[in-house]
Amino acid sequence: MKKELLRKKIVVVGMGYIGFPTAVLFAKAGFVVCGVDIDSKKIDMLSRGISPFEEPGLNEAFRLAKNRMTFSTEIESGDVYIIAVPTPLDTKRHKADLSFVKAASHSVASVLTEGALVVLESTVPPGTAEKLCHPIFQKKTNRYYLAHAPERAFPQKTLFEMVQNDRIIGGSTKDAGEYAKKIYGSFVKGSIILTDATTAEFVKVLENSFRDVNIAFANEVAKVCEGIGVNVWEAISLANRHPRVNILNPGPGVGGHCIAVDPWFLLEGGVPSRFIKLAREINDAAPDRVVRMIQQSVKGINNPVIGILGVAYKKNIDDSRETPAKHIIETLKKRGYAVYIHDPFVKKFDVPLDSLQSTLSKSNCLVLVTDHDNYRKLDFKNYKNITHIVDTRNFFHNVPPHIRLITLGTPFHL
Ligand code: SAJ
C-alpha cells in the first residue's frame, strides 16, 4: 500500500463491537488510529491495552496494533473519521434513535478540515448520511468527503468477516466513494463495491430484513406444524434439500442489535410494507409462545420451578442485547413462577444469574433458550426433580425417560 496513504490519521468514534475491531484493523494495516468514546472507563481499559470484549483474534490483533493506537474521550483531529456509534431503536415509535449519530457528527464537525473524509458506519435509516450528517459537516466546510460503509460481521467471526466479506461502500460523490474504498482496501480482502450513500444504507437494512422475514417464516411454519402434527425441524431440513429452498430455523425469538431492529429502519422511508412489519410482529411474539409452552408443561405441578438455560441472544457468545430470554424470564416472574437462570458466557444481565448446578438441581421444567455448545454434555439422569424440558432450538435429543422433552414446533399434548 502506498506510504502516502498510510500517513493519514484515522479517528474512530465509538469503541463498541464494530468501532473497536475496525480501529484495530486499520492500525494493524499501518495507520495511526485514535479511538474515541464517551465512556471513560472503556477508554481507560483500552489505554491499558485491554480489550473491552472478546472476539476470536481480537486480543492478538490489538497486541500487534496498539503501538499505533491512542484512545480518548475527546475528539481529535485527523484525516479520516469513522463514525461507529450505536443507533438504538426507539421502541415506542419504532424509529431509529439517531441522537448518538447526531452528537458524533457535531463532534467531528468541530475538528473537520478541508479534504477530510467522514465515513458513517453505524446502521441507519436510508438517507441519514445525506440528510442528517451532511448539513452538520457542511456548516464547517463544503470541501470534505462523505461516505457510508456499513459492516457485515457475525459475532464470534467479527474480525474474519470484516476482512473477508465483500463490502458495499456508498459515497456521497464518486470521489468520496473512491477515497473510502482506498482506506478500507487496507484491510478488506473481499471485493469493495461502490454505490451511492443512500443505496448503501438501504442495502444494509435490507440484508437484515431479509433474514428477519425468513426467520418469521420459519416461526410460522413451526406453528402450522404443531397444528398438523409434523415435526418442523425434520420438515425444514427435508425441504432444504430442494436446490432453491433455504428456510432458516424457528426459535424463541430474534435477539441482537441488528435483525430485530433494522427492518424498522427500512420502514422509516414512509412507504408502509405490511410484509416486513408482520415479520417483526411474528418474531416479537415468539417469546410469548415459549412462555405458553412452559405454562402448559408445568400445569399440575405445585409451585413449579423453571430453569432457564442460556440468556445470550445466540449460541456461544456473551452478548445478551435484545435477547428473547429477557421477555420469557420477566413474564414468568410476573406470573409468580420461581425462576433459576444460567448462562456460561454472559457476565452482565438484567437479573442475577445462578450456577448451573443450582439451575439443574432446583428446576422442574428446564427451558433451553440458547443452544450454547457447553450444554451438549449435560447429563440429566441424576436430576429426578426435572420432569420437563422445553427445547426451543431442537438441541436435546436423548433425555432420560423420567423427563418429557417438548420441542418448539412439534405437536405436544399434555
Ligand atoms: N435466529 C433464529 N433462527 C435462525 C437464525 C437466527 O431464530 O435461523 C435468531 C438468533 O437466535 C438470534 C437472531 O435471530 O437471536 C439474530 O441472529 P443472527 O445470527 O441471524 O444475526 P446477528 O444479529 O448476530 O447478525 C446479523 C447478521 N446479518 C445477516 O446475517 C443478514 C450479520 O451478518 C450482520 O453483520 C449483523 O446482523 C449486523 O451487524 O447487522
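Reader: What makes the five strands 12-11-13-14-15 an open sheet, and which are its edges?

Author: In this predicted model, the five strands line up in the order 12-11-13-14-15 with parallel pairing. Strand 12 (338-342) and strand 15 (404-407) are the edge strands, because each pairs on one side only. A strand here is a DSSP run of E with at least two residues, numbered from the N terminus.

Reader: How do you know that strand 13 and strand 14 pair?

Author: Two strands pair if DSSP finds at least two bridges between them. Strand 13 (residues 365-368) and strand 14 (residues 388-391) have four bridges, so they count as a pair, in the parallel sense. Within it, Cys-365 stands opposite His-388 in strand 14.

Reader: Why is the link between Tyr-313 and the ligand called a polar contact?

Author: A polar contact is a pair of N or O atoms within 3.5 Å (inside protein, one must be able to donate a hydrogen and the other to accept it, and residues adjacent in sequence count only if both atoms are side-chain atoms). An N or O atom in the Tyr-313 side chain sits 2.6 Å from a ligand oxygen atom, so the pair qualifies.

Reader: What about Ala-153 and Arg-393?

Author: Ala-153 uses a backbone N or O atom, 2.7 Å from an oxygen atom of the ligand. For Arg-393, a side-chain N or O atom is 2.8 Å from a ligand oxygen atom. Both values are within 3.5 Å, so both pairs are polar contacts too.

Some small print: residues are numbered from 1 along each chain as its sequence is written, and side-chain values use heavy atoms, leaving out hydrogens and water. As the model is predicted, local features need pLDDT of at least 70 and side-chain atom pairs count only at pLDDT 80 or more, while totals for chains, interfaces and linings use all residues.
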